[in-house]
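Reader: I would like a close look at one part of this model, taken slowly and with the packing spelled out. Please choose a stretch where helices and strands can be described together, and then say what else can be added from elsewhere in the chain.

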Amino acid sequence: MAAAWEEIRRLAADFQRAQFAEVAHRLSERNCIEIVAKLIAEKQLEVVHTLDGKEYVTPAQISREIRDELHVCGGRVNIVDLQQVINVDLLHIENRANDIVKSEKTIQLVLGQLINESYLDQLAEEINDKLQETGQVTISELCKAYDLPGDFLIQALSRRLGRIIHGQLDQENRGVIFTEAFVSRHRARIRGLFTAITRPTPVSNLITRYGFQEHLLYSVLEELVNTGRLKGTVVGGRQDKAVFVPDIYARTQSTWVDSFFKQNGYLEFDALYRLGIPDPAGYIKKRYKSTQLLFLRAACVGQEIVDQVEASVEEAISSGNWIDVATLLPSSLSVEDVGILLQQVMRSLNKNSSGLVFSDTIVVSEKFLSSCADLFSDMMQQKAEKEMKNNPVNLITEEDLKQASGLENSYGNKKDKKDERRKKATEGSGSVRGGGGGNAREIKIKKTKKKGRKDADSDDESQATSTGRNKQPEFPFMSQEEIQDVLKTHMQDCPEELITELAEHLIRPLTKTYQEVVRSVFTSSTSSSGASRRQTMKDLQEEFSNLYNNIRLFEKGTKHFTDETQTNLAKHLLKTVCTDITNLIFSFLASDSMMTTENYSTITSEVRTKILGKLPEDTKGPLTKLHTSLNGKSVEDFLSCFDSAVDVCGIMVKKGDKKKERQVLFQHRQALIEQLKVTEDPALVLHLTSVLLFQFSTHCMLHAPGRSVPQIINFLSGKIPEDQHSLLVKYQGLVVKQLISQTKKTEHGDSDTTDNLEEEEGANTIRKELQEITNSVKDLVLRPRKSSVTEE
């Protein structure tokens, strides 16, 4: 033992000598820094250097200083403030603070602040002092006062309720803490205030006026009402529209409602609003659960009123009269409500009870409507007969013309494929319909309005045909104002609005009936015996064939001229003979469509457009093309459209053979010769002579206007002897001079000036020369030479 102590004393002496001995080698500051940096890099040493770089601090020291500073600050410190105290980077402070929060449950990190339980206990004591003074505190006020989040405060204070804080948290509104004394005081105020209320009062007004806490008030109020301490009800729930209705007022209210309904049989919603009932319909349904009521827009009526209206309506219908239901109901009911009630009554009536509702409140029986329509029977007959006599182009109105104005442009090529099939079939078989020679073509006469042809048409064409076939011409009978005047004359006791709606209701059936009357009048006026009808069709057929063959022969004559002259002749032919045969077709169709024309030659382009507007779709298409081709330049196009038109219309056209053509040529020539014999007009003599010489030399008919005579004479050069041609040219020159002279005389009048006298003398000279050679010109045709240049 002594040896051991001796050893200890020896070691202590060595240590003391080592302490007081001078150092032979010292480390510089730079070497120390490098050594520490090396140790930190190799993770053998864990230290943090301060912000000024002069010191190293271990993490444990940082944690110790954080806890010391938190204690010094009273349990709440901001991490940013710790940086200035500890003098290290904020990142290291945050890391150590998070480690402290994880390791110690009594410390929390809230919004960048460290808070411990001692601070929260102190905070709870301060809040309790304030709560005892005011009776209630709100979490929102505490959040502003202590700069802490609401959820954190509620969680922290809830754990201290009853221990440090003597109060309770509102379960309806967890943002309020109040004391029992505060609740008792409010309950007493609420009980006293609502006990004194004698009429319906909005709860929101009381909250604003007396400063109640809203959720607390509703909770206490419901409790007092449910326990029976307050006699009344809260209507509208916990909303701004909530109303407290005391029982005394509700009893008075119910007594008034029951009395009014018993006396009058109805209730107005506005009256209940004025009584303070916010939901009248719901109140009535709740109070009169077992009573049968009819709810309208602004009122409800009892079954007695409904039965009364129903009986009155049924009586009016059975007696063939009318009734205004508004006179049976209270005046306070609106027209809309009366209409709803009347519709309900009409639905409940027997289905056999026929009646209509006018002006929303008036019921009119079918018998009464029939009697009104019967007032116009005689007028219809008289008007139809008068119209048939007065209108030459009958039953085509200006309105029809407007409807058909765009017809020519709107028609598409619906029939092109059908025409092409028909053409191929005809060319492929080489056959023709009917007999009458190689070029004969016969089609049976038929009514276009009757059955549609059952050939290889498409479904769409058949549908269009049926649609067009159903289209009937509209003949106006009377305007609505005129119908009203007639009704006023015969029914003075009817109100003005009923007269107006009756006229509006009757105008369409009256117009429809009038169509039938007009058709019957038209049929009776145009009906004839079967024999005369067949004779008329035979004559019409013959006229079609004659005009058609004339057009063919005239077209053949135009082929001898050059393009320009040929075009002018074709236009003239289209405007005259082609227009005549087109008008004849339109006249034929008009008679079948209940439209009459006294003379087809009087039909103009406008009238044709009117007639087109009345035709069925299957007929309208080809006829529109035919009508449009009259304004073209080609006779061949017209004849192509003509063939399609007569196919659709079912008109028989016989094409002439060679023998028939010779007969037509001879008759045409004889007719021109007879006209030439009797005329003395030089211009007409020149025209007729030129046309006849053309026919003699070409054996073709020619239908030419007066302005084409020079071209005809020019064509005859070389076709007739030179002396005859010279005579024609001379005569032509004299005719032109005479026409110029007559024009000048018309322009200058009959004054006696020297120039006029000279012109008069010149005109007389021309007239004498014309008279001298007129007979010679006529003789070129009337006494032709044996042979012509062409024959030679």
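Author: What follows is a description of two sheets and the helices beside them, with some remarks on other places afterwards. The model is a predicted one, and the description should be read with that in mind.

I begin with the sheet whose three strands are arranged in the order β3-β5-β4, an open sheet with antiparallel pairing. Its edges are formed by β3 (76-78) and β4 (107-110), each of which pairs on one side only, and the twist from one strand to the next averages 20°. Between β3 and β5 (residues 113-116) the antiparallel pairing extends over three bridges, and within this pairing Gln 113 of β5 is the bridge partner of Asn 78. Helix α5 packs on this sheet, where it touches β4 and β5, and its direction makes about 130° with that of β4.

The helix α5 also has a helical partner. Two packed helices are described by the angle between their axes and the distance between the axes. Here helix α4 (residues 79-86) packs against helix α5 (residues 90-103) at an angle of about 115°, the axes being 9 Å apart, and the crossing of α4 and α5 is right-handed. From α4, the residues Ile 79, Val 80, Leu 82 and Gln 83 meet Leu 90, Ile 93, Glu 94 and Ala 97 of α5. Sorted by class, the residues in this contact of α4 with α5 are six nonpolar, one polar and one charged.

The second sheet is again described by its strand order, which is β6-β8-β7; it is an open sheet of three strands with antiparallel pairing. Because β6 (136-138) and β7 (168-169) stand at the edges with a single partner strand each, one side of each is left without a neighbour in the sheet. The antiparallel pairing of β7 with β8 (residues 176-178) runs over two bridges, and Leu 169 stands opposite Ile 177 in β8. Helix α6 (residues 117-134) packs on this sheet and touches β6 and β8, with its direction at about 125° to that of β6, while helix α7 (residues 139-146) lies across β6 and β8 and runs at about 65° to β6.

Within helix α6 one residue deserves a separate mention, namely Asn 128. Asn 128 counts as buried because its relative accessibility is 9%, below the 20% that sets the limit for a buried residue. Apart from its neighbours within four places in sequence, Asn 128 is in contact with Ile 164, Ile 165 and His 166.

Another buried residue is Leu 333, with a relative accessible area of 8%, and its place is in the loop between β15 (322-324) and α16 (335-348). When residues up to four places away in sequence are set aside, Leu 333 touches Ala 299, Val 301 and Val 338. Leu 333 and Leu 296 are 37 residues apart in sequence, and the separation in space from C-alpha to C-alpha is 9.4 Å.

Finally, in helix α32 (residues 709-716) the buried residues include Val 709, Ile 712, Ile 713, Phe 715 and Leu 716. Viewed down the axis of α32, its buried residues fall within an arc of 160°, and therefore they line one face of the helix. Just after α32, Gly 718 takes a positive phi of about 90°.

Terms used. Residues are numbered from 1 along each chain as its sequence is written. This is a predicted model: local features need pLDDT of at least 70, side-chain atom pairs count only at pLDDT 80 or more; totals for chains, interfaces and linings use all residues. Side-chain values use heavy atoms; hydrogens and water are left out. Buried means under 20% relative accessible area, exposed over 50%, partly exposed in between (1.4 Å probe, protein chains only). Helices (H or I, at least four residues) and strands (E, at least two) are DSSP runs, numbered from the N terminus. The arc is that of the directions from the helix axis to the C-beta atoms. Contact means heavy atoms within 4.5 Å. Axes are lines fitted to C-alpha atoms, for helices over the stretch in contact, and angles run from 0 to 180 degrees between N-to-C directions. A crossing is left-handed if the near helix is turned anticlockwise from the far one by less than a right angle, and right-handed if clockwise. Ala, Val, Leu, Ile, Met, Phe, Trp, Tyr, Cys and Pro count as nonpolar, Asp, Glu, Lys and Arg as charged, and the others, Gly among them, as polar. Two strands pair if DSSP finds at least two bridges between them.
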